[in-house]
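Here is a short set of exercises to work through with the model open beside you. Try each task before reading its solution.

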Amino acid sequence: MAKKEQTAEQKKKKVSVEPVIEQSVNTTDKTESGELPVEQKLTNLYRLQLMLSEIDKIKTLRGELPFEVQDLEDEVAGLQTRIHNFQLDAKDLDTTIGQQRIKITDANASIEKYQAQLDNVRNNREFDNLSKEIEYQGLEVELADKRIREFTHEAKILGEEIQKCKKLYEERQADLKSKKEELDEIISETKIQEEQMREKAKQLETTIEPRLLSAFKRIRKSARNGLGVVYIQRDACGGCFNKIPPQRQLDIKLRKKTIVCEHCGRIIIDPALAGVEE
Ligand SMILES: [Zn+2]
């Protein structure tokens, strides 16, 4: 790294005349007021990038699993509620059917009673009245029978629905169990590693100036590979692989200001700062 700085020093005067790149964060003025030199900031930012990339890798390992587990949990809970409600409906139907059966028993008892009274009628009016009553009770029995048939049919359909739901519930429950186990396994394997990484990343973040950090986070969010800081690779941006003009490459190697890629907006550092040999 020391050797690179020497080269940088030599070019310094020439470079300082170059217009400051629009999106670059110039912090060189502040170094005397106790702030970290740009080089150190970039190093910290790059270290942060490496850690966040590791965490990204762990997340990729989990993939869609956390969402799948959440979806299955929702579905299982929904099925449970549905089964419960159907069972309440089935109970209501049973009660209603029972009530209709009582109606039939009562009506049949009345019919028997009236028929016995028919043997002892004293006049036609009494006979007519009793006959009408018997007819009426007979209709009541018919009606109750019809209702029982309807409700029984309903109960049968409901029962089938409950069975279907229960089967689905069991399938989903089994899916959920295996997905959860899979996820738990990945989490337990990577948990400590991830926690350590997150802790380190948090510490590093405190050493990075808020403006630079938020710019970095914004770039990272919009970048598909999650890289906010990249180094020069074969004279090109390590993020979008567009060529970087030689003068700009020199600026980057000077490490005196934060320079971003003209094409993708990623912060570019020189390979040596990233600990990579060119
Ligand atoms: Zn780029």
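**Exercise 1. Place Leu45 and decide: is Leu45 buried or exposed?**

Solution. Start with the secondary structure: Leu45 sits in helix H2. Next, take its relative accessible area, which is 0%. Buried means under 20%, so Leu45 is buried. Finally, look across the fold: Leu45 and Gly228 are 183 residues apart along the chain, and their C-alpha atoms are separated by 9.0 Å. Keep in mind that this is a predicted model, so every distance here is computed from predicted coordinates.

**Exercise 2. Find the aromatic pair and classify its geometry.**

Solution. Let's begin with the count: the structure holds 1 aromatic pair. The rings belong to Tyr46 and Tyr231. To describe a pair of aromatic rings, we use the distance of the centres and the angle of the planes. For Tyr46 and Tyr231, the centres are 6.3 Å apart and the planes are at 70°. Two cut-offs settle the matter: centres must lie within 6.5 Å, and planes over 60 degrees apart count as edge-to-face. The pair of Tyr46 and Tyr231 is therefore edge-to-face.

Now add the context. Tyr46 belongs to helix H2 (residues 38-62), while Tyr231 belongs to strand S1 (residues 229-231), so the pair ties together parts that are 185 residues apart in sequence. Both tyrosines, Tyr46 and Tyr231, are buried.

**Exercise 3. Assign Ser110 to a burial class.**

Solution. First locate the residue: Ser110 is in helix H3 (residues 65-118). Its relative accessibility is 19%. With buried defined as under 20%, Ser110 counts as buried. For a spatial check, compare Ser110 with Ile134: the two are 24 residues apart in sequence and 7.6 Å apart in space, C-alpha to C-alpha.

**Exercise 4. Which residues gather in a patch of negative charge on the surface?**

Solution. The patch consists of Glu182, Asp184, Glu185 and Glu189. Pick one member, Glu182, and place it in helix H4 (residues 124-207). Its relative accessibility is 42%. That value falls between the limits of 20% and 50%, so Glu182 counts as partly exposed.

**Exercise 5. How many helices and strands does the protein chain have, and in what pattern?**

Solution. Count the elements: there are 6 helices and 2 strands. Then read along the sequence to get the pattern α-α-α-α-α-β-α-β. To round off the picture, buried residues make up 35% of the 278 residues in the protein chain.

Definitions and conventions. Residues are numbered from 1 along each chain as its sequence is written. This is a predicted model: local features need pLDDT of at least 70, side-chain atom pairs count only at pLDDT 80 or more; totals for chains, interfaces and linings use all residues. Side-chain values use heavy atoms; hydrogens and water are left out. Patches are made of residues with over 30% relative accessible area and no salt bridge: like charges are joined within 9 Å, nonpolar side chains (Val, Leu, Ile, Met, Phe, Trp, Tyr) within 5 Å. Accessible areas come from the Shrake-Rupley method with a 1.4 Å probe; for residues, only the protein chains shown count as cover. A salt bridge is a side-chain nitrogen of Lys or Arg within 4 Å of a carboxyl oxygen of Asp or Glu. Lys and Arg count as positive and Asp and Glu as negative; His and the chain ends are not counted. The place of a charge is taken as NZ of Lys, CZ of Arg, CG of Asp or CD of Glu. Helices (H or I, at least four residues) and strands (E, at least two) are DSSP runs, numbered from the N terminus. Buried means under 20% relative accessible area, exposed over 50%, partly exposed in between (1.4 Å probe, protein chains only). Rings of Phe, Tyr and Trp (its six-membered ring) pair if their centres lie within 6.5 Å; planes under 30 degrees apart count as stacked, over 60 as edge-to-face and the rest as tilted.
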